[in-house]
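This report walks through one protein model. Keep the sequence and the coordinates open while reading.

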Amino acid sequence: MSLGVSMPVVRVRDAQLAMVSGETVLECLERNGYAIPSSCRAGTCRTCLARATLGEVPAAAHVGLRPAEIEAGYFLPCVCRPRGDITLVDEAFPVVQACVLRKQLVGADVALLHLRPDADLHVIGGQCVHVQRDPGAPSRPYSVASGPGDSTLELHVRRVVGGSVSPWLVDQLEVGESVLLRGPSGTCVYTDGDLAAPLVLIATSTGLAPLLGVIRRALHRGHHGPIRLHHGAATRSGLYLQPVLQTLERAHDNVRVLNSVRDEGGDLGSEIARMYADASALQCFLAGAPGLVHALRRQLFLQGAALSNIAADAFAAA
């Protein structure tokens, strides 16, 4: 008589959830009624990022995470198929309510939201929070553009045709209403180091949001080295928030904003190659379309930038 194989158990809060063959930790949680925010379900977007205190997490669930995150127990449940039991901490699922204090359309398809959470999420500009309408509703991550000391969280939301969250945020959500937030997550942030180091930030579309958060934090920390922000868009109308960026330039001698419009002959890859032939001294931050982010990360590395000096936030679609 053959003995049945014991399946791993996911422990969360007071529950012990037996996994079934082939499923991921995320699928196990969902099957048992846990409404865990998720998006790409392929280990790319980090929406479902969770934290384990006990158990062995397979290497596949750590791909793309930084050593400090792995050491702290963070992993990607959507691609995690553990061989043994695993225990999750409650803080992997915090959800707070946030009131919409201000909403501003800054382009044909981009809205700026200013939110006041009911509790301090300890967000660093450049990280993202995950936004939901109601418990169990679809969730999507949006990067935070706010700086230290700001009383609200500033999000930049681009309407995605057919999207399950962005059309509601851009077209329907009203000032005074509330949303649910989970997070933060992400490591595309400014960290203390050489205050004279040149910072190069490259964004496409609403990739501007996390990089604006990075710049605001760097300036707050007293960074006096050159800061160059490259903002790329397919058309001139995609270069939103220009007055804010111009004000930032005027207020800080070390800040320079360079725009690149594809329909007007702009080519971010060529511009970066020409301006930073030797990138060995640069601290680089990239955000926006995944294909371009990955290509620029490789390009900057080949031009001499250390991988540890390249923080990237690729905006993956669901």
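## Cysteines

How many disulfides does a search of the whole structure find? The search finds 0 disulfides. The model is a predicted one.

Cys 45 is in no disulfide. Its nearest cysteine sulfur belongs to Cys 40, 3.7 Å away. A disulfide needs the two sulfur atoms within 2.5 Å, so the pair does not count as one. Cys 45 is buried, because its relative accessibility is 12% and the cut-off for buried is under 20%.

Cys 128 is in no disulfide either. For Cys 128 the nearest cysteine sulfur is that of Cys 45, at 8.4 Å. Cys 128 also counts as buried, with 10% relative accessibility.

## The open sheet

Turn next to a sheet. An open sheet is formed by 5 strands, with parallel pairing. Their order is 14-13-12-15-16. Which strands stand at the edges? They are strand 14 and strand 16 (310–314). Each has a single partner strand, so one side of each lacks a neighbour in the sheet. From one strand to the next, the twist averages 10°. In general, strands of a sheet pair through backbone hydrogen bonds, in parallel or antiparallel fashion.

Strand 15 (residues 283–288) and strand 16 run parallel and are joined by 5 bridges. Gly 288 has Ala 314 of strand 16 as its bridge partner. Phe 285 stands opposite Ala 311, also in strand 16. Is strand 16, an edge strand, enclosed or open to the outside? Of its 5 residues, 4 are buried, so strand 16 is largely enclosed by the rest of the structure.

## Helices on the sheet

Helix 5 (242–251) packs on the sheet. Helix 5 touches strand 13 (227–233) and strand 14. The direction of helix 5 makes about 150° with that of strand 14. Angles over 145 degrees count as roughly antiparallel, so helix 5 and strand 14 fall in that class.

Helix 6 (residues 268–275) lies across strand 12 (199–204), strand 13 and strand 14. Helix 6 runs at about 160° to strand 13. By the cut-off of 145 degrees, this pair is roughly antiparallel too.

## Helix 6 against helix 7

Helix 6 also packs with helix 7 (residues 290–302). The angle is about 20°, and the axes are 11 Å apart. Angles under 35 degrees count as roughly parallel, and helix 6 and helix 7 are therefore roughly parallel to each other. Their crossing is right-handed.

Which residues make the contact? Helix 6 supplies Leu 268, Gly 269, Ile 272 and Ala 273. Helix 7 supplies Leu 292, Leu 296, Gln 299 and Leu 300.

## Loop residues with positive phi

Most residues other than glycine have a negative phi. Two loop residues of this model deserve a check on that point.

Arg 13 has a positive phi of about 55°, although it is not a glycine. Arg 13 is in the loop between strand 1 (9–12) and strand 2 (15–18). Its relative accessible area is 47%, so Arg 13 is partly exposed.

Ser 205 is not a glycine, yet its phi is positive, at about 50°. Ser 205 lies in the loop between strand 12 and helix 4 (208–220). Ser 205 counts as partly exposed, because its relative accessibility is 25%.

## Two further loop positions

Where is His 252 found? His 252 is in the loop between helix 5 and strand 14 (255–261). With a relative accessible area of 27%, His 252 is partly exposed. Ile 227 is 25 residues away from His 252 along the chain. Their C-alpha atoms are separated by 9.6 Å.

Arg 81 is found in the loop between strand 4 (74–75) and strand 5 (86–88). At 46% relative accessibility, Arg 81 is partly exposed. Leaving aside residues up to four places away in sequence, Arg 81 touches Gly 22, Glu 23, Thr 24 and Pro 58. Leu 296, part of the helix 7 side of the helix contact, is 215 residues from Arg 81 in sequence. The C-alpha to C-alpha distance between Arg 81 and Leu 296 is 32 Å.

Methods: Residues numbered from 1 in each chain as written. Predicted model: local features only at pLDDT ≥ 70, side-chain atom pairs only at ≥ 80, totals over all residues. Heavy atoms only, no water. Helix = DSSP H or I, 4+ residues; strand = E, 2+ residues; numbered from the N terminus. Buried < 20%, exposed > 50% of the residue type's maximum accessible area, 1.4 Å probe, protein only. Pairing = 2+ DSSP bridges. Axes fitted to C-alpha atoms, helices over the stretch in contact; angles between N-to-C directions. Contact = heavy atoms within 4.5 Å. Parallel < 35°, antiparallel > 145°, perpendicular 65-115°, else oblique. Left-handed = near helix turned anticlockwise from the far one by under 90°.
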